[in-house]
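User: Hi! Could you walk me through some helix packing and charged pairs in this one?
Analyst: Happy to, here it is.
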Amino acid sequence: MTSDSSPGAGRPLAEVLASTTGTVVLDGGLSNQLRAAGHDLSDELWSARLLVERPEAITEAHLAYFEAGANVAITSSYQATFEGFARRGISGERAAELLESSVGLAREAARQAGAKGARGPLWVAASVGPYGAMLADGSEYRGRYGLSVAELERFHRPRVEVLAGARPDVLALETVPDVDEARALLRAVRGLGVPAWLSYSVAGGRTRAGQPLEEAFAVTADADEVIAVGVNCCAPEDVDTAVATAARVTGKPVVVYPNSGETWDAGARAWRGHSTFAPTQVVGWARAGARLIGGCCRVGPEAITTIAKTLDPSWRHPCPSDNPS
């Protein structure tokens, strides 16, 4: 986080975004860090499986990003849904407990980071993935599920209510491929008392479903619950236009966390291609209006440290006892 926002310690994220011009550093890909630690994420629940089997591994992954310089941990609830857990024979009551625990695990990582000397505010964003993430067939990169806005709202609302009840600092409505789903999510978070950011997955200057970005961002402009809008899990080269458009259309702070530039192969459940992500690109994104900046899939702790240093030349490692450099 840039030095002018460091006084935000203990303050709500929404208040910091409204009262300072600093840039908040987000974490990187949670699955990336979990795989690096040797965990198999090849099944349909993805990282959410570890909520059941190895919750301590999730805390360790969050901690790695806090130690790398992130000020926000995005929880492991992206692919955690009542429907997905039910397919594994997990009851609705237990599924709700697991959703709540995703926020608690991130909070515990923040506590541990603070005990190690992390400076500045540490926030938790509860991930709300799109309907397609539950399907686990790659449709979150296409949208257009054949469901109405009302049907999508009915899908999202129970999970969002549980996550909001766990009192995260913000709800991360992320990797949204479609304007209809954005409208459904905005309805689902209304009245819950927890702020949200909404970030689309985009390609070639449009949503994954093909809608113009002006139309996509416009649906958030008058949503009081939304404290930031932007893009995530897109190619780095699609960010510049998206940041400028989001800032111009909404007047809100912009959130940006692209993936590495590799392409997800849904059939093989693997990433293909080569990374095109250069952490130094964040300078231009910040100048264009991005206030929350990090990485998504295949962007790890080293890249987050580089982002923190790039955004603030005076930055020092947040856990000096472990990292004297």
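Analyst: What follows covers one helix pair and then some salt bridges.
Analyst: This is a predicted model, where local features need pLDDT of at least 70, side-chain atom pairs count only at pLDDT 80 or more, and totals for chains, interfaces and linings use all residues. Residues are numbered from 1 along each chain as its sequence is written, and side-chain values use heavy atoms, leaving out hydrogens and water.

User: Great. At what angle do H8 and H9 pack?
Analyst: Helix H8 (residues 149-165) and helix H9 (residues 179-189) pack at about 45 degrees, with their axes 8 Å apart. That makes H8 oblique to H9 (angles under 35 degrees count as roughly parallel, over 145 as roughly antiparallel, 65 to 115 as roughly perpendicular and the rest as oblique). Helices here are DSSP runs of H or I with at least four residues, and strands are E runs of at least two, numbered from the N terminus.

User: Is the crossing left-handed or right-handed?
Analyst: The crossing of H8 and H9 is right-handed.

User: And which residues make the contact?
Analyst: With contact meaning heavy atoms within 4.5 Å, H8 contributes Val149, Ala150, Leu152, Glu153, His156, Arg157 and Val160. From H9 come Asp180, Glu181, Arg183, Ala184, Leu185, Arg187, Ala188 and Val189. By type, the contact residues divide into 8 nonpolar, 1 polar and 6 charged.

User: Any salt bridge linking those two helices?
Analyst: Arg187 pairs with Glu153, the closest N and O atoms being 3.8 Å apart. Arg187 lies in H9 and Glu153 in H8, so the pair ties together parts that are 34 residues apart in sequence. A salt bridge here is a side-chain nitrogen of Lys or Arg within 4 Å of a carboxyl oxygen of Asp or Glu.

User: Are those two buried or exposed?
Analyst: Arg187 is partly exposed at 38% relative accessible area, and Glu153 is partly exposed at 22% (buried means under 20%, exposed over 50%, partly exposed in between, with a 1.4 Å probe and protein chains only). There is also a network, in which salt bridges that share partners join Arg144, Asp178, Asp180 and Arg183.

User: Switching topic: how many salt bridges does the structure hold?
Analyst: It holds 13. One of them joins the side chains of Glu67 and Lys116 at 2.9 Å, N to O. Glu67 is in helix H4 (residues 55-68) and Lys116 in the loop between helix H6 (92-115) and strand E3 (123-128), so the pair ties together parts 49 residues apart in sequence.

User: How accessible is Glu67?
Analyst: Glu67 counts as buried at 17%, while Lys116 is partly exposed at 31%.

Key. Axes are lines fitted to C-alpha atoms, for helices over the stretch in contact, and angles run from 0 to 180 degrees between N-to-C directions. A crossing is left-handed if the near helix is turned anticlockwise from the far one by less than a right angle, and right-handed if clockwise. Ala, Val, Leu, Ile, Met, Phe, Trp, Tyr, Cys and Pro count as nonpolar, Asp, Glu, Lys and Arg as charged, and the others, Gly among them, as polar.
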